[in-house]
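This report describes one protein structure, its sheets and helices, its largest pocket and a few single residues. The sequence and the structure come before the discussion.

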Amino acid sequence: STCGAPNVQKMDQTNRLSSVLNLKRYPVNDANTQEFRTLLKKTRETYEKDGIVTLPGFILQEAIEKTIAEVERAKGSEWFTKSTHNVFLDAGDDAFSEDHIRNRELATTVASLAYDRLDINGPLLTLYHSDSFCVFLAQVLGLEHFYRLADPLGAASINIFPPGTAHNWHFDESVFSVTIMIQKPESGGLFRRTNPIREKGNETDELYEVIENIVDKKEDIASTLHFEPGTLSIFSGSRCLHEVTEVQGDKDRLVAVFCFATKKGVRNSAKVQELFWGRVVD
């Protein structure tokens, strides 16, 4: 079944969900209603057309504030990444030269608070472990098989961008990503992305040329997406090249990242665990 076993405590889950999610505006817990069907249709159509869909005001102000407090309490246990990666976040391809855009190393600085550092009863993990939220996402993505990631670090995490940090151009390892904006910086920290331009496993010379033009600022076809705190984003991150520009001012940019997979038991590679959380956990 989608999202693992059905949860017997559905009532309890709905009660807990109502303290996190704006159920009046986004009735994801009530799949039998016309409101739900309308929401699903609109969300799914936008995602398929644009490779991304955003739902503003998805989580409540109170949940945002609790999450910011959770991050403050956990400060010091995040892992700070200052590293380089290619646009595919992999080990590269020997068929191309080292300075070819396929292999070129780009600098990224970001901190991340791992799943095992978050509060299991806090707003984010309450939402992440909600079956109705999980089923809603599966339906938006049109996926029959859909599971939470089994990664003890990366299942759900919070990306922390202190001033001066940025995430360079890349495609995600996972086919899609689900994020929630928690706190905007004073300036910068813009999310820029292309339309879907890549079919994973079918990378062409034309694609490499497009990527190179964006990275080298020769022909930047990316657009900026504006997120307000509380906005849920469902994004086809393996098909769309994207970056987060440098954060400026005194405030951190905080984004919750929820990971799912189409098979049970999926984890991040040791390379990705090491890169974003500084440790490898089986």
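## Loop residues, sheets and pocket

The side chain of serine 236 makes a polar contact with the side chain of arginine 239 at 2.6 Å; a polar contact is a pair of N or O atoms within 3.5 Å, where within protein one must be able to donate a hydrogen and the other to accept it, and residues adjacent in sequence count only if both atoms are side-chain atoms. The model is predicted, so local features need pLDDT of at least 70 and side-chain atom pairs count only at pLDDT 80 or more, while totals for chains, interfaces and linings use all residues. Residues are numbered from 1 along each chain as its sequence is written, and side-chain values use heavy atoms, with hydrogens and water left out.

Serine 236 sits in the loop between β11 (232–235) and β12 (242–244). Helices (H or I, at least four residues) and strands (E, at least two) are DSSP runs, numbered from the N terminus. Serine 236 is buried, with a relative accessible area of 1%; buried means under 20% relative accessible area, exposed over 50%, and partly exposed in between, with a 1.4 Å probe and protein chains only. Leaving aside residues up to four places away in sequence, serine 236 touches Tyr47, Gly51, Val175 and Phe176, where contact means heavy atoms within 4.5 Å.

Strand β11 belongs to an open sheet of 7 strands in the order β1-β11-β7-β14-β5-β3-β2, with antiparallel pairing. β1 (52–55) and β2 stand at the edges with a single partner strand each, so one side of each is left without a neighbour in the sheet. From one strand to the next the twist averages 30 degrees. Two strands pair if DSSP finds at least two bridges between them. The table gives three pairs of this sheet.

| Strand pair | Bridges | Residues opposite each other |
|---|---|---|
| β1 and β11 | 4 bridges | isoleucine 52 and phenylalanine 235 |
| β7 and β11 | 4 bridges | threonine 179 and serine 233 |
| β5 and β14 | 6 bridges | phenylalanine 161 and arginine 253 |

In a regular strand the side chains alternate between the two faces of the sheet. β11 is covered on both faces: Leu232 and Ile234 on one side, and Ser233 and Phe235 on the other, are all buried.

Two helices lie across this sheet. Helix α5 (residues 131–141) crosses β1, β7, β11 and β14 and runs at about 40 degrees to β11. Helix α7 lies across β2, β3 and β5, at about 125 degrees to β2. Axes are lines fitted to C-alpha atoms, for helices over the stretch in contact, and angles run from 0 to 180 degrees between N-to-C directions.

Another open sheet has 4 strands in the order β6-β12-β9-β10, and its pairing is antiparallel. Its edge strands are β6 and β10 (223–225), each of which pairs on one side only. Neighbouring strands of this sheet are turned by 20 degrees against each other on average, direction ignored. Within it, 3 bridges join β9 (residues 191–193) to β12, and arginine 192 stands opposite glutamate 243 in β12.

Helix α6 (residues 205–215) has the buried residues Leu207, Tyr208, Ile211, Asn213, Ile214 and Val215. These pack against β3 (106–113) and β6 (167–170). After α6 comes lysine 217, whose phi is positive, near 60 degrees.

Aspartate 90 lies in the loop between β2 (79–85) and β3. At 27% relative accessibility, aspartate 90 counts as partly exposed. The side chain of aspartate 90 makes a polar contact with the side chain of asparagine 86 at 2.8 Å, and a polar atom of the aspartate 90 side chain lies 2.9 Å from the backbone nitrogen of glycine 92. Not counting residues up to four places away in sequence, aspartate 90 touches Arg102 and Lys271. Aspartate 90 and lysine 271 are 181 residues apart in sequence and 8.3 Å apart in space, C-alpha to C-alpha.

The largest pocket has a volume of about 810 Å³. Of the 39 residues that line this pocket, Asp172, Ser174, Ser177, Val257 and Cys259 are the closest to its centre. On a 1 Å grid over the protein atoms alone, a pocket is an open set of points where a 1.4 Å probe fits, with protein on both sides within 12 Å along at least five of seven lines, and lining residues have an atom within 4 Å of a point. β7 (177–183) gives the most to the lining, with 4 residues.

Note on methods:
Points joined across faces, edges and corners; volume = space filled by probe spheres on them.
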